[in-house]
Amino acid sequence: MTQPDYAALAAAAIAARERAYAPYSQFYVGAAALTASGKIFLGGNIENAAYPMTVCAERVAIFSAYAAGEREIVALAVVTPTDDVASPCGACRQVIFELAPRSAVLLLNLRGLRRLVTPQDLLPFGFGPTQIAEALSR
Ligand code: THU
């Protein structure tokens, strides 16, 4: 498989920040998920006055891809307005681990700082579908 166009994916993630609904934190995050079919699904963080209902940009992008019937996420870019690159929250790491396990995860900030990691880097020794399948097969 050819290398994903990371520059295009990063630009899509930056554009996705405009779709964020973050009136409470005003911390606008953008994410873009590139699927095996070549489509890019965008996500911005979507907050709620009942704060815990908030969904991070990463999950919005991934769920959007899955909702469209996509099952293979090749690359995921996440951009945060931070000094260092983004650090996805624990919930997002869990979701990335299961729903985008073979993806290249590009973390970036608005100053051009980038870091390419794997879902396994983000969630070492993670719990996933293999544990469930193994228990059900007994
Ligand atoms: N947030 C994301 O969307 N992605 C991250 O990787 C970190 C945090 C959101 C959740 C919330 O809307 C805001 O950023 C502040 O935590």
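Let's start in the loop between helix 1, residues 6-16, and strand 1, residues 30-35, because that is where you will find glutamine 26. Before I go on, please keep in mind that this is a predicted model.

So, what is worth a look at glutamine 26? Its phi is near 55°, a positive value in a residue other than glycine. As background, most residues other than glycine have a negative phi. Is glutamine 26 buried or exposed? At 56% relative accessibility, glutamine 26 counts as exposed, because the cut-off for that word is over 50%.

There is another residue of this kind further along the chain. Phenylalanine 125 is not a glycine either, and its phi is positive at about 55°. You will find phenylalanine 125 in the loop between helix 4, residues 119-122, and helix 5, residues 129-136. Phenylalanine 125 is exposed, with a relative accessible area of 89%.

Now back to the loop between helix 1 and strand 1, which also holds phenylalanine 27. Phenylalanine 27 is partly exposed, at 34% relative accessible area. Leaving aside neighbours within four places in sequence, phenylalanine 27 is in contact with Ala22, Asn45, Thr80, Pro81 and Thr82. If you like distances, the C-alpha atoms of phenylalanine 27 and proline 52 are separated by 15 Å, and these two residues are 25 apart along the chain.

Phenylalanine 27 brings us to the ligand, as Phe27 is one of the residues around it. The others in that group are Ser25, Val29, Asn45, Glu47, Thr54, Cys56, Ala57, Glu58 and Pro88. Where does the ligand sit? It sits in the largest pocket.

For those of you who think in polar atoms, here are three distances, each from an oxygen atom of the ligand to a side-chain N or O atom. For asparagine 45, the distance is 2.9 Å. For glutamate 47, it is 2.5 Å. For glutamate 58, it is 2.5 Å. As for cover, the ligand has 370 Å² of accessible area on its own, and the protein covers 79% of that.

Next, threonine 80, which we just met as a contact of phenylalanine 27. Threonine 80 is in strand 3, residues 73-80. Its relative accessible area is 6%, so threonine 80 is buried. What does its side chain make a polar contact with? The partner is the side chain of threonine 82, at 2.7 Å. A polar atom of the threonine 80 side chain also lies 3.4 Å from the backbone nitrogen of alanine 86. Beyond its neighbours within four places in sequence, threonine 80 is in contact with several residues, including Phe27, Val29, Leu108 and Leu110.

My last stop is helix 3, residues 90-99, and valine 95 within it. Valine 95 is buried, with a relative accessible area of 17%, because buried means under 20%. Which residues does valine 95 contact, leaving aside neighbours within four places in sequence? They are Arg59, Ile62, Phe63 and Ala100. Isoleucine 62 is 33 residues from valine 95 along the chain, and their C-alpha atoms are separated by 8.4 Å.

Valine 95 has company in helix 3, where Cys92, Ile96, Phe97 and Leu99 are also buried. What covers these buried residues includes helix 2, residues 57-67, strand 3, strand 4, residues 104-109, and helix 4. That strand 3 is the one where we found threonine 80.

Thanks, everyone, and I'm happy to go back to any of these residues on the screen.

Technical notes: Residues are numbered from 1 along each chain as its sequence is written. This is a predicted model: local features need pLDDT of at least 70, side-chain atom pairs count only at pLDDT 80 or more; totals for chains, interfaces and linings use all residues. Side-chain values use heavy atoms; hydrogens and water are left out. Helices (H or I, at least four residues) and strands (E, at least two) are DSSP runs, numbered from the N terminus. Buried means under 20% relative accessible area, exposed over 50%, partly exposed in between (1.4 Å probe, protein chains only). A polar contact is a pair of N or O atoms within 3.5 Å; within protein, one must be able to donate a hydrogen and the other to accept it, and residues adjacent in sequence count only if both atoms are side-chain atoms. Contact means heavy atoms within 4.5 Å. A residue is near a molecule or strand if one of its heavy atoms lies within 4 Å of it. Accessible areas come from the Shrake-Rupley method with a 1.4 Å probe; for residues, only the protein chains shown count as cover. On a 1 Å grid over the protein atoms alone, a cavity is a set of points where a 1.4 Å probe fits but cannot get out, and a pocket is an open set with protein on both sides within 12 Å along at least five of seven lines; lining residues have an atom within 4 Å of a point. A molecule sits in a cavity or pocket if more than half of its atoms lie within 2 Å of its grid points.
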